[in-house]
Amino acid sequence: MQRFSALALIRHAFGGHRSWRPQWRAAEPKAAYDAVIVGGGGHGLATAYYLATEFGISNVAVLEKGWIGGGNTGRNTTIIRSNYLFDESAALYDHAVKLWEGLSQALNYNVMFSQRGVMMLAHNVHDQQSLQRHIHANRLNGVDNEWLSARQAKAFCPPLNIEKSMRYPVTGAALQRRGGVARHDAVAWGYARAADAMGVDIIENCAVTAIRRGVGGAVEAVETTRGTIETRKIGVVAAGNTSTVMAMADLRMPLESYPLQALVSEPVKPIFPCVVMSNTIHAYISQSDKGELVIGAGTDAYVSYTQRGALHVPMHTLEAICELFPIFRRLRMLRNWGGIVDVTPDRSPIIGKTPVAGLYVNCGWGTGGFKATPGSGHLFAWTLAKDEPHPINAPFRLDRFRDGYLIDEAAAAAVAH
Amino acid sequence: MLLIDCPFCGKRPELEFRYGGEAHLARPADPADLGDKAWGQFLYGRSNPRGVHAERWRHVHGCGRFFNALRDTTNDRFAATYKIGEERPAIPEAEGAASA
Ligand SMILES: Cc1cc2nc3c(=O)[nH]c(=O)nc-3n(C[C@H](O)[C@H](O)[C@H](O)COP(=O)(O)OP(=O)(O)OC[C@H]3O[C@@H](n4cnc5c(N)ncnc54)[C@H](O)[C@@H]3O)c2cc1C
Ligand SMILES: [Zn+2]
């Protein structure tokens, strides 16, 4: 691996930047691996990276049906925060935030993690009570989150409109200062490069089409569009396509796949200092380092795999954005797209073992899993390596839907998050 | 936005409707007889197919009635809509063919 440093930059500058090499090999699939990861999004690549670096398992393939990071990882609005309500969730998401804090150094790759603060707006008494409840629960869990008055919120984010004449006036906000954003592509590429350097094979344009099982039903191999690959451990990290992959092992999942849309504006000079979310009128916004305003819309109403969604969904969000930030009313939108998010009944992820020996699943991150990428990869690698969950992901097991131990962040968030 | 053919009112824009989730998930007649696994599957297990999906819609801003629909989730095209209680219509392969 060619390491990045100021010195390397200068050295390459003298050579006209012509001697940089590809960041990872275009690996050919081998006949067998110790572990196969299905899905080359951020979570799958992070899983492979931690398998190799933390657990000494580097004979690993990451199989990606398209190009790495081309799924939800490359389509998301990159909001990172850990101010979730329940103890289990706070532990899970804060584990990730702690890893984010050292990630660029660990990977020797700038993932542009920026802790610029995530501010969640209240518009009525119910919002205030719910956000205050979050703040107290978070503080008990050692997660930072603080209450701001409407005027303090405006001081933190000057473009915010706090006029009383608004249809849904801002009555205050909860601010997590450690929250922020990161650069989505860099996260996929940084993990891919570091995993590759440890010997992991990253195999693109390779869709898994079947899971072969042997005695006792344990997994033996995956069939792919590039041939059969033998393995005793399969980690499925396929986001919106998880139900389809798990059906290959005859498992019916508690998941539904919905389009979730986002859009960006034309680039403008730095104007927006933080991330602002409003669950009540459904809008969230930040500004990328390229200058585009990055805006998240909601999910469409129905199950779909089209990566599109309908126009009225982003329109609804833009109306809310224009009300909250009248200054943006005349900006033009550049691009609008959709990703397919895998939603669980309790809006919490599933990370763990399955009834099939050797088959593990990491899914259900729905509308809000980018923030968890490093933590999710680390915990899933632990689970694959030790054949048992880490205490942090133990509550997020698949059979909680049989036993009724739901972690109901749906009621807590009630919005794309 | 989808154009949805309500079996009672005809074609209307999606905004008039509310999505009702997967269709034909009959509530078990005697839940007490069910094991946890089967009950969990009834509550939470979903087919979530890449291909034809049988689903419920309700025409909330029209006749107010529920009905069922078959829609291909790979292109959002409706293959059929039909009344509650009617059997799921068989659809010709070509229309419903799901890409993998
Ligand atoms: C519009 C939008 C906005 C979002 N905003 C946020 C946000 O602000 N903050 C946040 O935390 N989260 C957000 N999310 C959610 C977040 O993007 C996801 O939870 C997260 O990226 C999931 O990562 P992943 O690696 O599991 O999935 P993906 O990146 O989708 O990776 C899964 C991969 O599996 C591959 N795959 C599928 N089937 C197969 C197969 N059979 N064989 C081989 N490969 C296969 C896919 O091609 C895909 O690349 C958003 C999502 C969307 C769509
Ligand atoms: Zn009607």
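A salt bridge is a side-chain nitrogen of Lys or Arg within 4 Å of a carboxyl oxygen of Asp or Glu. Keep that in mind for the close-ups below, which come from a predicted model.

**Figure 1. A salt-bridge network in chain A joins five residues.** The members are A:Asp94, A:Lys98, A:Glu101, A:Asp144 and A:Arg178. Zoom in on one pair: the side chains of A:Asp144 and A:Arg178 meet with N and O 3.2 Å apart. A:Asp144 sits in the loop between α5 and β5 (146–148), while A:Arg178 sits in the loop between β6 (172–176) and β7 (180–181), so this pair ties together parts that are 34 residues apart in sequence. A:Asp144 has a relative accessible area of 22%, so it counts as partly exposed. Why can such pairs form at all? Side chains of opposite charge can pair when their charged atoms come close.

**Figure 2. A salt bridge in chain A links A:Glu28 and A:Arg226.** Here the N to O distance is 3.2 Å. How many residues apart are the two partners? They are 198 residues apart, so to speak a long walk along the chain: A:Glu28 is in the loop between α1 (6–14) and β1 (35–38), and A:Arg226 is in the loop between β10 (219–224) and β11 (227–230). A:Glu28 counts as exposed because its relative accessibility is 56%. A:Arg226, at 32%, counts as partly exposed.

**Figure 3. A:Asp399 and A:Arg402 form another salt bridge.** The closest N and O atoms of this pair are 3.6 Å apart. A:Asp399 is partly exposed, with 29% relative accessibility. A:Arg402 is partly exposed too, at 38%. If you zoom out to take in all chains, the structure holds 26 salt bridges.

**Figure 4. Helix α5 of chain A, from end to end, covers residues 125–140.** Let's check its span with a little arithmetic. The helix has 16 residues, and at 1.5 Å a residue it should span 22 Å; the end C-alpha atoms are 23 Å apart, which agrees. At the N-terminal end, A:Asn124 acts as a cap, with a side-chain oxygen 3.2 Å from the backbone nitrogen of A:His126. Which residues of the helix are buried? They are A:Asp127, A:Leu131, A:His134, A:Ile135, A:Ala137 and A:Asn138. Just after the helix comes A:Gly142, with a positive phi of about 75°.

**Figure 5. Two residues that are not glycine, A:Asp250 and B:Asn48, take a positive phi.** Most residues other than glycine have a negative phi. A:Asp250 has a phi near 60°, and its place is in the loop between α8 (242–247) and β13 (256–265) of chain A. B:Asn48 has a phi of about 45°, and its place is in the loop between α1 (36–44) and β4 (52–58) of chain B. Are they buried or exposed? A:Asp250 counts as exposed, at 67% relative accessibility, whereas B:Asn48 counts as buried, at 2%.

**Figure 6. Chain B meets chain A, with 25 residues from each chain taking part.** The area buried between the two chains is about 2100 Å², and carbon and sulfur atoms give 51% of that. Three residues, B:Tyr44, B:Asn48 and B:Arg50, supply 34% of the area that chain B buries against chain A, more than any other three residues. So B:Asn48, which counts as buried at 2% relative accessibility, turns up again here. There is 1 salt bridge between the chains: A:Arg252 pairs with B:Glu22, and the closest N and O atoms are 4.0 Å apart. Polar contacts link 13 residue pairs across the chains. On the chain B side, β3 (18–22), α1 and β4 each supply at least two residues, and α1 gives the most, with 5 residues. That side divides into 8 nonpolar, 9 polar and 8 charged residues.

**Figure 7. Chain B on its own has 2 helices and 6 strands.** Starting from the N terminus, the elements run β-β-β-α-β-β-β-α. The C-alpha trace spans about 40 × 35 × 20 Å along its principal axes. Of the 100 residues in chain B, 36% are buried. Among contacts in chain B with a separation of 6 or more, 47% are between residues 24 or more positions apart.

How values were computed: Residues numbered from 1 in each chain as written. Chains lettered and ligands numbered in written order. Predicted model: local features only at pLDDT ≥ 70, side-chain atom pairs only at ≥ 80, totals over all residues. Heavy atoms only, no water. Helix = DSSP H or I, 4+ residues; strand = E, 2+ residues; numbered from the N terminus. Buried < 20%, exposed > 50% of the residue type's maximum accessible area, 1.4 Å probe, protein only. Contact = heavy atoms within 4.5 Å. Buried area = accessible area lost by both parts, 1.4 Å probe. Polar contact = N/O pair within 3.5 Å; in protein donor to acceptor, adjacent residues only side chain to side chain. Nonpolar A, V, L, I, M, F, W, Y, C, P; charged D, E, K, R; others polar. Expected span 1.5 Å × (residues − 1).
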